[in-house]
Every structure is written in C-alpha cells, then in structure tokens.
Amino acid sequence: MTAPFGRRLCEVAENTASAGYRIFSLLDHEGPTPAPGQFYMLAAEHRWGEGAGRPFLPRAISVAEAAPAAKGGTRLDFLVEGVGPGTDRLCELEAGEEAWVTGPLGNSFSTPKQVNPEAAGAILVGGGIGIAPMAIWRRYLVERGIPLRVLLGFRNEEHSGGLNELFCSGGNLCPDVKLATEDGHVGHRGLVTDLLLQLLEGDDAGSAVVYSCGPPAMLEAVAALCESRSVPYQLADETPMACGFGACFGCAVPKPGGGYLRLCVDGPVLTNLPGGGADLGDHPEQLLQRRDGGAKSVTGPAGPGVSFCGIDLAHPVINASGTYDAIAARKVFGDELLADFPFSAFVSKTITPEPRAGNEPLRIWETPAGMINSIGLPNKGLEGFLAEDLPQLGELPVPLIVSVMATNHEDFSRIVAAVEAREEVAALELNVSCPNVHSGLIVGEQPAETEALLEVLRPLTEKPLIVKLTPNVAAPEAVAVAAESGGADAVSLINTLKASAVDPARREPALAAGHGGLSGPAVRPIALQQVRAVTAVTEIPVIGMGGISSGADAAEFLALGATLVAVGTESFRDPRAGSRIANELETEVYQAPARL
Ligand code: RRO
C-alpha cells in the first residue's frame with residue numbers, strides 16, 4: 001500500500017478532551033484506509049513553521065481509529081498529549097480548521113504466517129498514549145473473530161486519555177480489557193507488564209501472539225518477557241522523526257545484530273518473527289486503495305529550463321544531498337513519485353568506500369525554524385551502492401548526481417573511478433564538508449587541501465565534479481577558488497552549520513554525538529551571504545542552498561548568482577516541496593510584477 005505523494009490538507013471534524021489528552025478527528029478524502037499500526041505526519045495549517053519559531057517539523061502520530069466518514073472519505077482519529085510545541089498545537093486544533101497530512105506511513109501489525117491466529121489468539125498490551133494503535137488493531141482482530149485479551153496501563157487518571165472513547169462501549173469497559181494503574185486508582189495497582197506476566201504464566205496463555213505499544217521501558221519489558229518464553233511478538237516503537245518517509249535518517253533505532261533501522265520505513269512495527277513485522281500480505285484488503293480521483297498534482301507548467309555543466313534540466317530546483325532517499329520514497333509513495341518527480345536532478349546521499357551504520361541515536365533535534373542533525377553518514381558503502389542502489393536510482397526520470405566522500409586520496413580516487421564508470425551517473429558531488437564524521441581533517445576547511453584533492457580526482461573523470469563546501473569556515477570563497485583552480489566544474493553550498501542543543505529535561509547535549517549540523521530557514525541569511533561571496537569570485541556555476549522553503553526563497557539565491565538551488569529540510573515537511581518551489585518560482589516569482 002502506498003500513500004498519496006506529498007502532503008494534503010484535511011479538515012478537523014472534532015477535537016474533544018479525554019482525561020489529560022485530546023482525541024481529534026480528520027476527514028481524509030484522498031488517502032487509503034490506514035492499516036493498524038500505521039502513522040501520519042501531522043502539522044497544523046496555521047501557526048506552524050510560519051514565523052521564526054517552533055513547531056517547525058510535522059509530528060508523527062499513530063492512528064487510533066479509521067472509519068468511513070458520513071460525507072465520504074475516511075475519518076481518522078488520533079490521540080494526542082500536549083508535551084511540546086507541536087503536540088500542544090495539535091491539541092488546540094478546532095473543528096473546521098485544517099491540518100497538513102502525509103500518510104498513511106510505515107508498516108502495520110499483522111497476524112504472523114507462522115501461527116494460526118484463530119487458534120492462537122492475541123494479547124494486546126498498551127501503555128499511556130500507546131493505547132491508540134492498540135484500539136484500531138483490537139477492532140480489526142475482533143472483526144475477524146480472533147480471540148484476544150487487552151491489557152492497558154496508565155500512570156494515573158490524568159494519563160488515561162482515550163480509554164473511555166477507544167475501549168468502552170455503552171459506558172462500560174469492553175469485557176476483554178484489563179487495566180493496571182501505577183497509582184492504583186483503578187484496576188491492578190502496578191505495571192501492565194505484571195498483568196502480562198500473570199497471563200503468560202497462566203494455563204490459558206496458549207500460543208498467543210503479543211502486540212504492544214507504549215513507552216520504551218514498557219516495550220523493553222514486554223520484549224524481555226516474550227523472548228524468555230519464546231512468545232512471538234510485534235511492537236510498535238516510537239522515536240523522534242522529521243519526515244516519516246525515509247528522507248531524514250533521523251528516526252534510527254538499533255537493529256539486533258548491529259546497525260540501525262529507520263523506524264519510519266522499516267517500522268514502526270518491529271517483530272521477533274522473521275518477515276512478520278513488515279509483511280502486509282495478511283492485509284490484502286488494504287491493497288484496495290480508495291481514492292477520490294487520485295492525488296492532485298500541484299505542479300504547474302515546467303519552470304524555465306536550465307543548462308548546468310552541459311546537463312539540461314527542466315527547472316533550477318534539485319535536492320540537497322542526504323535529504324531525500326528516492327528509493328525509500330518510491331516504496332512509500334509508489335510510482336506517483338516518478339510521475340511528478342519533485343527535483344530536476346537527483347543528488348544521492350553521500351556514499352563512502354565502506355558501509356557505515358551512522359551515528360548513535362538521538363540524531364535529530366528541532367530548533368527554532370530548523371533542526372540539527374547528526375546522522376553520521378549511514379550508507380551501504382561503494383559496493384553495496386553500486387550493486388543495490390544505483391540501478392534503482394538509474395530509473396529516476398531526472399539526471400543523477402552521486403555524492404561521494406572518503407578520508408584519503410586513495411579511497412577518494414577509488415570511489416570516484418568506480419562511480420565514473422557507471423552510465424547512470426551524470427555528475428559527481430564531492431562531499432568535503434560533513435560536520436558529523438570524525439575523520440580528522442575536514443578537507444573542505446582548507447583551500448590547499450581542497451585544491452590538492454581536486455588535482456588528484458580531476459584526471460579520473462570527464463563527468464562534472466561538484467564540490468560541496470562547508471559553511472564552517474571564515475572564508476568559504478577561498479575554498480571555492482581553490483576548488484575551481486583544482487578543476488572543479490561547480491560548487492554547492494551550504495552544508496549544515498555546526499550546532500548544538502541542550503535537552504532541557506536532562507540538561508545535557510540533546511544529540512548523542514553532542515553536536516550536529518543546523519539546517520532550515522534559520523540558516524538562510526548565512527547561506528545567502530556565503531553564496532554571494534562565492535559567486536563574486538568564481539566563474540563556475542554555484543548550487544545555492546540553505547533553508548529554502550518557497551519560490552521566493554529560491555529566487556533570492558538565483559538573484560545572487562546561483563545557477564541552481566537545492567531544497568533540503570523543507571522536503572521533510574512537504575515531500576513535494578521541490579515541485580512546489582519550482583512552480584512558485586515560475587508562476588509567482590518570475591511572472592509577478594516586481595514589487596518595489
Ligand atoms: O550524514 C550526515 O550526518 C550529514 C552529512 Br554526510 C552532511 O554532509 N551534512 C549533514 O548535515 N549531515
């Protein structure tokens with residue numbers, strides 16, 4: 001099942017208080033019916049990312065219930081607790097207002113192929129806000145006659161939001177539901193996992209499959225109880241997310257056996273059964289997508305064509321490396337992505353000679369009008385990229401630019417020569433500016449190092465070489481001049497600005513790596529100045545980027561001499577941002593009368 005490509009506005013039908021939480025409903029006229037466990041990226045249309053502050057990024061919220069709406073479309077119910085600027089704003093949404101929606105996203109709960117669900121039965125364990133996906137999954141199982149027990153845990157009455165609306169009928173708790181509360185005000189006094197233990201140790205546990213969603217400590221306890229008794233389980237996990245469709249690499253969770261999963265595209269449902277969690281084969285009805293005429297394209301007439309280093313492009317808007325995973329996005333949105341590809345050329349995430357798992361989470365942190373990332377260059381390595389990713393990227397309807405990085409001349413030469421040999425590749429970008437890998441010297445901080453690197457690499461390829469410059473230097477124009485002298489065909493800037501943030505709850509650096517790179521509208525004035533400085537002293541084309549979220553923003557970079565612009569963080573908020581910005585450039589900026 002794929003999601004409509006891009007974000008869409010959905011009307012708020014209702015928003016009601018429920019203990020300390022809110023339940024709000026959206027009317028979705030475009031998306032397919034979500035499967036239990038899936039989530040949506042949500043943002044209010046107004047008072048969200050407009051000014052200089054937060055919230056900026058959309059928030060990932062699991063769907064609690066989905067049903068046909070009286071006037072057509074699907075009514076989607078969400079349970080939210082206001083715990084920060086984004087969820088606070090979602091809690092305030094009023095009926096008649098609209099919200100930006102991308103989804104349904106992620107995989108879903110499933111009845112594993114290895115067990116007979118009618119015979120085995122199911123045990124659902126929900127904690128706090130995690131009861132939401134348990135509600136839709138419970139209804140799904142009940143409709144299919146699968147015997148089940150539901151265990152729900154809350155800290156106290158204030159944190160029991162959604163209970164009455166999602167698990168009661170006629171004012172009474174559904175008979176299959178048992179409660180545990182830490183303050184003992186209702187049900188078992190203690191943890192919901194105490195109830196799970198009793199069930200698993202009882203005579204009637206049978207071969208039930210356990211499904212769970214809740215706080216991390218609860219999920220760990222559920223997994224441990226199940227593992228120790230060889231009970232099959234599926235857990236819906238959660239972690240901060242910027243985009244929801246595989247672009248930002250921020251939602252990393254450790255993978256058993258090493259490395260990380262992207263929770264948005266590899267989850268959110270994780271399982272101890274091989275092939276169980278991501279398997280939608282048990283939900284064939286979900287493949288019957290109900291659409292009202294399909295998604296509407298926001299792309300207008302193609303913008304003005306542009307020639308870049310001898311490559312003809314339909315318009316001047318491309319993506320910033322590492323901010324769009326076209327392979328993951330194609331799985332999420334289907335071939336609609338290709339039919340209306342948002343960029344006029346596609347830049348891959350940077351690849352390195354050897355595979356890298358990336359940095360330990362937490363990897364992303366929202367800041368006023370932007371975010372900090374410390375992703376740490378996760379990639380399959382040169383061989384994996386050439387064998388698995390390049391053939392798929394070669395299917396994109398636009399020229400492909402491959403971004404590469406290495407820590408010495410020999411490895412850089414090997415990777416450039418290997419990529420040069422592939423006909424799918426139109427150009428290479430040399431990333432000499434990643435702020436998040438500890439490789440000693442950052443080549444792009446030193447003009448002489450940059451020039452020396454170009455002198456080694458230039459003879460290895462006839463394809464255009466673009467050098468990605470760091471903003472973390474006093475004079476990026478000196479590095480640009482050095483790159484040009486060494487034989488670069490173009491430069492791109494800016495990469496992210498070295499930045500840090502403190503988690504107010506822990507009073508410690510928010511990101512596991514301590515620091516990261518800042519992006520988003522917050523950095524745009526700095527990017528504009530650096531682009532201005534570089535275009536003033538170089539003859540080669542410049543790709544300008546840094547906080548572009550509209551055609552007007554893009555026009556500022558073009559006015560300062562950039563040949564192309566790149567969109568990064570804005571794509572996390574709006575997967576079709578590239579086409580929207582190209583369209584705005586053409587219809588609103590270039591065709592509008594100049595304003596004095
Ligand atoms: O993967 C990253 O952490 C990363 C890279 Br390679 C980069 O060039 N810029 C950035 O902000 N993050």
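So, to start: which two side chains meet in a salt bridge at 2.6 Å, N to O? They're Arg 139 and Glu 65. Keep that pair in mind while we go through the rest. And a reminder before I go on: what you're looking at is a predicted model.

Okay, the layout. The protein splits into three domains: domain 1 is 8-105, domain 2 is 112-279, and domain 3 is put together from 306-359, 378-498 and 521-591. I'll spend most of my time on domains 1 and 2.

Their C-alpha centres sit 22 Å apart. In terms of contacts, 23 residues on the domain 1 side touch 25 on the domain 2 side. People often quote the size of an interface as the accessible area lost when the parts come together. Here, between domain 1 and domain 2, that comes to about 2000 Å², with carbon and sulfur atoms giving 68% of it. Who contributes on the domain 1 side? Tyr 21, Pro 36 and Leu 79 do, with 27% of the area domain 1 buries against domain 2, and no other three residues supply more.

Now the polar side of things. The count between these two domains is one salt bridge. On top of that topic, the rule picks out six residue pairs in polar contact across the interface, both partners at pLDDT 80 or more. As for which elements domain 1 uses to touch domain 2, β1 (8-18), β2 (21-28), β3 (39-44), β4 (59-68) and β5 (74-80) each bring at least two residues. β4 has the largest share, with six residues. Sort that side of domain 1 by class and you get 17 nonpolar, four polar and two charged residues.

Let's zoom in on one residue, Ala 132, in helix α3, residues 131-143. Is Ala 132 buried or exposed? Its relative accessibility is 3%, so Ala 132 counts as buried. Leaving out residues up to four places away in sequence, Ala 132 touches Val 63, Ala 64, Leu 79 and Leu 166. Leu 79, remember, was one of the three top suppliers of buried area on the domain 1 side.

Last stop, helix α15, residues 551-559. Its buried residues are Gly 551, Asp 553, Ala 554, Ala 555, Phe 557 and Leu 558. And what do they pack against? Two helices, α14 (524-537) and α17 (577-590), plus two strands, β32 (542-545) and β33 (564-567). After α15 comes Gly 561, with a positive phi near 105 degrees.

Definitions and conventions:
Residues are numbered from 1 along each chain as its sequence is written. This is a predicted model: local features need pLDDT of at least 70, side-chain atom pairs count only at pLDDT 80 or more; totals for chains, interfaces and linings use all residues. Side-chain values use heavy atoms; hydrogens and water are left out. Domain bounds come from an automatic or database domain assignment. Contact means heavy atoms within 4.5 Å. Buried area is the accessible area (1.4 Å probe) that two parts lose on being put together, summed over both. A salt bridge is a side-chain nitrogen of Lys or Arg within 4 Å of a carboxyl oxygen of Asp or Glu. A polar contact is a pair of N or O atoms within 3.5 Å; within protein, one must be able to donate a hydrogen and the other to accept it, and residues adjacent in sequence count only if both atoms are side-chain atoms. Helices (H or I, at least four residues) and strands (E, at least two) are DSSP runs, numbered from the N terminus. Ala, Val, Leu, Ile, Met, Phe, Trp, Tyr, Cys and Pro count as nonpolar, Asp, Glu, Lys and Arg as charged, and the others, Gly among them, as polar. Buried means under 20% relative accessible area, exposed over 50%, partly exposed in between (1.4 Å probe, protein chains only).
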